[in-house]
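Please look over the sequence and the structure shown below before reading on. The report that follows begins with the surface and the overall form, and then turns to the interior and to a few single residues.

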Amino acid sequence: MHNVLLTGGCGFIGKYTALELIKNNFNVIIADRKITSQIPSVLYYNIDVATSELADVFENNKIDYVIHLAALPSVSAAIENPLQDCHDNYQATVNVCYLAKKYNVKKIVFSSTAAVYANPKYLPVDENHPVSFLSPYAITKNASENFIKYCGINYIIFRYANVYGSGQDAFGEAGVVAKFFELMSHNKQVKIHGNGEQYRDFISVSDIAKVNVLALTKDINNQIINVSTNKKTSINELFDVLKCELNYKLAPLYVDARPGDIEKSILDNKKLISLFGYTPQTDVKNGIKEMAIKKEAF
Ligand SMILES: NC(=O)c1ccc[n+]([C@@H]2O[C@H](COP(=O)([O-])OP(=O)(O)OC[C@H]3O[C@@H](n4cnc5c(N)ncnc54)[C@H](O)[C@@H]3O)[C@@H](O)[C@H]2O)c1
């Protein structure tokens, strides 16, 4: 059995990825500084992965692969506290890569983001689109991508579109779906920034977890790959789907657009489909239906 170090494994995407790894017979070791519920077969390290504490994990376990998800995944938190963003996003990645290289890890899988395309020059955005930035988060994610390429271990860098699903923190900033879902389930008013016509490519967390594990099982290395549905959903459309699923009666409150927010984003997923033979399986309507059926935290 191969050992996989999963950083940020107690987070939203991390929990789904851990279960998918176990399903595929990997032995999972999680390093996270906020350990919540625990999966019995998993070994947990309650550490900050950007610090020297991480060395013990490599020293005490033979790590075959790393899936590096630990991050401060928030544009507004990064704008408010760029040093924390630098620590959790860039320094953590440098530390993970340095140790992965030192201990001969076979491959690192990194969770980057569509934020590195800023406001795209063309849509859908493919992986050859130039990178830019509207926030410190995009800067540190792109710097992390560059460090991974520089450090000389096999890698797969995924640029995820907007990820959603049960268990996402409704009070964090990453998930508009989670936030709307939470407010609308409790019949509270939803705020829409701007006119709501801005759109995104929403990808289900179950698809993300499957793709993270495929990156280990496929003999494909040193690629940057979008993980997306290649479909657009505006914030107004998202609101309407949730309204219908949750039988919500209130109108949304339109407020000022937020600085650093991307206006339009759809990610081309041809590379994912051709290299991995995987087409994301859940569209946003069905994904939200599943959330409404589950209606409880993951
Ligand atoms: N959720 C999305 O829509 C989305 C989109 C694109 C990319 N991503 C990326 O996917 C990854 C996972 O995102 P998520 O939504 O699960 O986030 P999350 O906030 O739910 O999980 C992140 C986890 O990392 C841990 N962590 C953060 N900094 C750490 C540190 N220095 N040391 C140890 N643990 C640390 C946190 O405790 C948390 O458990 C992130 O890298 C994020 O940037 C997410």
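## Surface and charges

Accessible areas are obtained here with the Shrake-Rupley method, using a 1.4 Å probe. On that basis, the accessible surface of the protein comes to about 13,500 Å², and 51% of this area belongs to carbon and sulfur atoms. The model is a predicted one, and every value in this report has been computed from it.

The protein carries 31 positive and 30 negative charges, and the mean positions of these two groups are 3 Å apart.

## Overall form

Ten helices and 13 strands make up the list of regular elements in the protein. Its radius of gyration is 18 Å, which is close to the 19 Å that the globule rule gives for 298 residues, so the protein is as compact as a globular protein of that length. When the principal axes are used as the directions of a box, the C-alpha atoms fill roughly 55 × 40 × 40 Å.

Of the 298 residues, 53% count as buried. The chain also brings distant parts of its sequence into contact: among contacts between residues at least 6 apart in sequence, 78% join residues at least 24 apart.

## The nonpolar interior

In soluble globular proteins, nonpolar side chains tend to be buried together. In this model, the largest nonpolar core has 41 residues, and those with the most contacts inside it are Leu21, Phe158 and Phe276. Both helices and strands contribute, for the elements that give two or more residues to this core are β1 (3–7), α1 (12–23), β2 (27–32), β4 (65–68), β6 (155–160), α7 (205–217), β11 (223–227) and α9 (270–276). Of these, α7 gives the most, with eight residues.

Which residues does leucine 21 touch, once those up to four places away in sequence are left out? The partners of leucine 21 are Val4, Leu6, Phe26, Val28, Ile67, Val213 and Leu216. Apart from this core there is a second, separate one of 28 residues, which includes Ile29, Leu54, Ile153 and Ile224.

## Threonine 229 and asparagine 162

Threonine 229 is found in the loop between β11 and β12 (233–234). Is this loop residue buried or exposed? Threonine 229 has a relative accessible area of 12%, and because buried means under 20%, threonine 229 counts as buried. Leaving out residues up to four places away in sequence, threonine 229 touches Asp201, Phe202, Ile203, Asn269 and Thr282. By contrast with these contacts, the C-alpha atoms of threonine 229 and glycine 196, which are 33 residues apart along the chain, are separated by 20 Å.

Asparagine 162 has its place in strand β7 (residues 162–164). With residues up to four places away in sequence again set aside, asparagine 162 touches Arg200, Asp201, Phe202 and Ile203. Between the C-alpha atoms of asparagine 162 and alanine 78 there is a separation of 17 Å, and these two residues are 84 residues apart along the chain.

## Backbone details in the loops

Two details concern the loop between β5 (107–113) and α5 (136–151), where proline 124 is found. The peptide bond from leucine 123 to proline 124 is cis, with omega near -10°. Alanine 118 also lies in the loop between β5 and α5, and its phi is near 50°, a positive value in a residue other than glycine. Alanine 118 is buried, with a relative accessible area of 5%.

Another positive phi in a residue other than glycine occurs at asparagine 247, where the angle is near 55°. Asparagine 247 has its place in the loop between α8 (235–246) and β13 (253–255). At 54% relative accessibility, asparagine 247 counts as exposed, whereas alanine 118 is buried.

## Lysine 243 on helix α8

Lysine 243 lies in helix α8. With a relative accessible area of 33%, lysine 243 is partly exposed. Not counting residues up to four places away in sequence, lysine 243 touches Met184 and Tyr248. Lysine 243 and phenylalanine 180 are 63 residues apart in sequence, and their C-alpha atoms are 9.5 Å apart in space.

Conventions:
Residues numbered from 1 in each chain as written. Predicted model: local features only at pLDDT ≥ 70, side-chain atom pairs only at ≥ 80, totals over all residues. Heavy atoms only, no water. Helix = DSSP H or I, 4+ residues; strand = E, 2+ residues; numbered from the N terminus. Rg over C-alpha atoms; globule rule 2.2 N^0.38 Å. Buried < 20%, exposed > 50% of the residue type's maximum accessible area, 1.4 Å probe, protein only. Contact = heavy atoms within 4.5 Å. Lys, Arg positive; Asp, Glu negative; His and termini not counted. Charge placed at Lys NZ, Arg CZ, Asp CG, Glu CD. Core = buried A, V, L, I, M, F, W, Y, C linked by side-chain atoms within 4.5 Å.
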